[in-house]
Amino acid sequence: MLCGVKPLSSRLPDLTLLFVVLFTAAYFLLTHEGLYDLDDYFYARYAHQLASGTFHVTPDPQGLLHDPLKERWLIFGPVALLYRVFGISIITTTLWPLLCTLGCSVLIWLQYRRREPVVAAGALLLLGLHYFTLNLTNYLYPDNILMFWCLCCALALLQGRQATRNQIGWGVGFAALNFAALLSKETIVYYLPFYLGVLGLDIFRRRPGKFWVAASLSGTVILAGYLAFYQVFTHDALYRIHLIEHTNEFLKEGNFLLGNRTALLARITYQPLSFLVGIGLGAALLLALAAAFGRRQNQHSDAGFWLGLAFTTLAFYWLGSTSLTQYNPITLLPRMTTPLLPPLCLAAGFGLRNFVRSGRGGGWLTLGLLLGAGWLHNSVSVIYGGLALYFAGATGLAALTLLGPPATSPAWRRPGTTPFAALAVLALAAGLAVRPLYFMQKPSVSAHFAQQRVLQQHLSAPARGVVFVDDFLIGNYDFSYGFRVPAGLRFRRYAAADSGRLAPGERAWLLLNRSTLTNDELTRKLIRYSAAEVLARFPTRQLVAQDGKVELYRVQ
């Protein structure tokens, strides 16, 4: 237990949650860039189809469909409901990932705010201020949604096994939550080794209980119903598995066995560690290690549960495969790590708690953070360097208190006090907030909202004719109109400038988004021309409107 100012101790998780919620909302609003790629566009289109009653469950009649996105109903299903209530916009499209992200923070707060205030505060910050957690709130991708269901599943398992009453309800809920995760993304399978390990341990100890019986029976019923559903609508009970394998087969030229075999050894040895440190998870990994070595302080706590889940999930991510028929390690992308984040951050929260209680281990944390900063030698090094400075200073101050009477030392210098814990939480918040704050003040790289205003004000009904747009917008322009493009408008690429024919009463426009044409994510492969080159294609033009970096011309 922390001693010191007790009211602050009880309010520490509350204040941390408030800060994380406000910070996340600010990031969401200040950094939103509209659609990112094909995936979020497809999910939005499926949501519109579901909302408008045009969604079809049946598979592609030609058997050409090779993406599993359409089967992830809990990605676009809630979005369809939001569309029905609030209409189609980029905000309503991404509100569901934002709510799931905030939901993770609320669940951590509810679970540990009273029993483990420092664990709650530390985990809230490590998860909520992680740059890629925040970044994924802006896009309709399944990863933060899956992260929410993963945390729900883990908490149901933790609570259900410990419950003295209503274990059957917990077991049914555990099965239902895992099914919800499966309807979001298949990588809930990351948790399967841990589930089997816990079940085996409970059987070995001869206390499987009603929880596991209820979870197994209800899970079997749910899965049987799911397979029967596919059998009825697609004539293939294993349709979803075959769809995933079809996707792997379609993309196999780029995998580690066929297209990149020479890099396989590096991928399954040191690369995952380098990757995790590089995306900013080094502090969480070190604190989780501190929790693993703090066995005495972890007695009668949940630290072992979260460490076990974090370890098995990390092992699956490190060595697992995306396919059942061929070994192809999981891509090292930040969004693929979201199932790992809740258990890792909660385990790290126990590591922070152990340091706050005793002041021990700070030297190792400092050394590890400095090594990470030196290894990367980039902008993420600033985060590790700042946190290393805190742990070095806190460890030194804690050591000084041992040289004199404890009563003469200020509380903020003494481990085991609330002020010492509050200082640790503040330092963690300051260090983790640096990177997202940097992106919050950067100018837009897409000018999505400016482009949206131009389209609504100047290219809506009753306008008729041809609109020449860039190669990114040509693939998703119907989203800008809520998937209901005015009947009189046709959109063409810039390259089709010489082939467009106008009917009587029609006009031609050139929409130029200078942000899109200079976006590094697009100019690597998709955008192969500059604004000057585009304008040269349309020598006879007249500026109609300009909103920031978005320009609309009437051309002849």
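I take contact to mean heavy atoms within 4.5 Å. I keep in mind that this is a predicted model.

**Entry 1, helix 13**

I looked up helix 13, residues 271-278, and asked which of its residues are buried. They are Pro272, Phe275, Leu276 and Val277. Next I asked what covers these buried residues of helix 13. The cover includes helix 12 (264-267) and helix 14 (282-293). It also includes helix 15 (303-319), helix 17 (362-376) and helix 18 (380-401). Just after helix 13 I noted Gly280, which takes a positive phi of about 100°.

**Entry 2, the largest nonpolar core**

I then turned to the largest nonpolar core, which has 124 residues. Phe174 and Trp306 are the residues with the most contacts inside this core. Helix 7 (residues 143-162) gives the largest share of the core, 14 residues.

I followed Trp306 further and left aside its neighbours within four places in sequence. Trp306 is in contact with Tyr112, and also with Leu151, Ala154, Leu155 and Leu158. The rest of its list is Pro343, Leu346, Ala347 and Phe350.

**Entry 3, Ile330**

I asked where Ile330 lies. Ile330 is in the loop between helix 15 and helix 16 (341-358). Is Ile330 buried or exposed? Buried means under 20% relative accessible area, and Ile330 has 5% relative accessibility, so it counts as buried.

I listed what Ile330 touches, not counting residues up to four places away in sequence. The list holds Tyr190, Arg267, Phe316 and Tyr317. It goes on with Gly320, Ser321, Thr322 and Met336. I also checked Ile330 against Arg435: the two are 105 residues apart in sequence and 26 Å apart in space, C-alpha to C-alpha.

**Entry 4, strand 5**

I looked up strand 5, residues 550-555. Five of its six residues are buried, so strand 5 is largely enclosed by the rest of the structure.

Which strands pair with strand 5? Strand 3 (residues 507-513) pairs with strand 5 in the antiparallel sense over six bridges. Here Asn513 has Val550 of strand 5 as its bridge partner. Strand 4 (residues 541-547) also pairs with strand 5 in the antiparallel sense, over six bridges. For Arg541, the bridge partner in strand 5 is Val555.

Strand 4 and strand 5 form a hairpin with two residues between the strands. In this hairpin Gly548 takes a positive phi near 65°.

Methods:
Residues are numbered from 1 along each chain as its sequence is written. This is a predicted model: local features need pLDDT of at least 70, side-chain atom pairs count only at pLDDT 80 or more; totals for chains, interfaces and linings use all residues. Side-chain values use heavy atoms; hydrogens and water are left out. Buried means under 20% relative accessible area, exposed over 50%, partly exposed in between (1.4 Å probe, protein chains only). Two strands pair if DSSP finds at least two bridges between them. A nonpolar core is a set of buried Ala, Val, Leu, Ile, Met, Phe, Trp, Tyr and Cys residues joined through side-chain atoms within 4.5 Å.
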